[in-house]
Amino acid sequence: MKIIISGGTGYLGKLLIDYYKDNNEVYVLTRNIKKDFPAQVKQVEWDGKTVNDWKNCLENADALINLAGKSINTRFTEENKKAILQSRIDSTEALGKAIESCENPPKMWLNASSVAIYDESYKNEKNEYSELDGTDFLSEVSRKWEMAFHRYAEGLTKKAVFRISLVLGESKGSPLHSLKTLVKLGGGGKAGSGRQMVSWISEKDFVRAINFIIKNELEGDFNLANGFAITNAILMKLLRKKYKRSFGLSAPKILVQIGTSIIGIPSDLVLRSQNVVPERLWSKGFNFRHENILDI
């Protein structure tokens with residue numbers, strides 16, 4: 001297949017590149033050409049907002065996968081919040097306009113979003129048919145990102161939104177490395193109340209799910225979570241077992257907020273309760289290989 005990935009130099013983009021690079025024609029849209037990139041992957045420079053010659057690589061593509069946008073792993077200052085939102089809107093609009101100018105547009109356009117589009121939930125599972133009723137900043141970003149996606153290229157390509165949960169694995173960039181360090185340093189107890197639900201997906205299931213959507217030319221919204229959400233307290237208990245630590249200090253909410261502020265990430269990434277199931281992937285016959293933290 002011919003695969004185009006925008007935002008391909010980030011953590012999730014690299015997972016997809018590793019998955020597709022050997023047996024497919026892969027192009028990555030990037031703001032800066034990287035020297036240490038896989039030789040078989042073609043890098044195409046763009047600015048993430050202006051349509052120019054880079055659009056030519058979209059011709060006759062089997063799939064365009066958009067992950068572009070400023071990382072949310074940063075302090076939520078007003079300046080950063082504006083950049084997080086605008087970078088997603090700008091890149092999505094540029095891709096949409098580029099597709100509309102193609103003679104032979106990509107067969108599929110997949111656009112990232114987040115399960116944060118749903119409101120926090122402890123007991124009630126949220127699927128793709130649930131209300132998009134989140135009220136915080138991450139919800140707003142996801143909602144406006146999807147709105148931008150749906151404004152372009154309707155009827156010209158098959159379109160799918162993939163709403164990402166916590167992606168865990170051994171690759172560089174995975175939050176699992178930070179969790180591992182925390183556990184090994186003795187801080188592997190619950191965060192806050194520990195009641196908040198954690199929806200997650202393994203790295204391997206993440207790329208398999210994307211490929212499943214492409215291969216079956218599926219359209220619509222898809223939750224990329226394995227459907228086996230666990231509480232933060234149970235997550236940390238399993239990680240202590242995984243990394244052979246019998247004890248871990250817990251952190252009350254105020255300490256979590258202070259700690260995340262020090263390392264420069266929003267506390268919502270730790271304290272927000274997200275209870276999500278992949279109803280549409282299940283209904284289409286997709287099977288997850290990793291349902292337990294101990295299996296990754």
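Is Phe137 buried or exposed, and what is its relative accessible area? In this predicted model, Phe137 is buried, with a relative accessible area of 13%, a value that falls under the 20% limit used for burial. Its aromatic partner, Phe76, is partly exposed, because its relative accessibility is 23%.

A pair of aromatic rings is described by the distance of the centres and the angle of the planes. For Phe76 and Phe137, the ring centres are 5.1 Å apart and the planes stand at 70 degrees, so the pair is classed as edge-to-face. Distant parts of the chain are linked by this pair: Phe76 lies in the loop between β4 (63–66) and α2 (78–100), whereas Phe137 belongs to helix α3 (residues 137–150), the two being 61 residues apart.

The count of aromatic pairs comes to seven. Among them is the pair of Tyr19 and Tyr20, which is edge-to-face, with 5.0 Å from centre to centre and 90 degrees between the planes. The two tyrosines fall into separate burial classes: Tyr20 is buried, with a relative accessible area of 1%, while Tyr19 is partly exposed, with a relative accessible area of 37%. In addition, one aromatic cluster is formed by Phe212, Phe286 and Phe288.

Helix α4 (residues 175–184) was examined for the placement of its buried residues, which are Leu176, Leu179 and Val183. These residues are on the same side of α4, because the arc that they cover around the axis is only 60 degrees. An α-helix has 3.6 residues a turn, so residues three or four places apart point the same way. The cover over the buried residues of α4 includes β7 (166–168) and α6 (232–242). Just after α4, a positive phi of about 95 degrees is taken by Gly186.

On the surface, Ile254, Leu255, Ile258 and Ile262 make a nonpolar patch of about 400 Å². One of these residues, Ile258, is located in helix α7 (residues 253–263). Ile258 counts as partly exposed, because its relative accessibility is 43%; this value also satisfies the requirement of over 30% relative accessible area for residues that make up a patch.

Terms used. Residues numbered from 1 in each chain as written. Predicted model: local features only at pLDDT ≥ 70, side-chain atom pairs only at ≥ 80, totals over all residues. Heavy atoms only, no water. Patch = residues over 30% accessible without salt bridge, like charges linked within 9 Å, V, L, I, M, F, W, Y side chains within 5 Å. Areas by Shrake-Rupley, 256 points an atom, 1.4 Å probe, with all protein chains shown as cover. Salt bridge = Lys/Arg side-chain N within 4 Å of Asp/Glu carboxyl O. Helix = DSSP H or I, 4+ residues; strand = E, 2+ residues; numbered from the N terminus. Buried < 20%, exposed > 50% of the residue type's maximum accessible area, 1.4 Å probe, protein only. Arc of directions from axis to C-beta. Contact = heavy atoms within 4.5 Å. Phe/Tyr/Trp six-rings, centres within 6.5 Å; stacked < 30°, edge-to-face > 60°.
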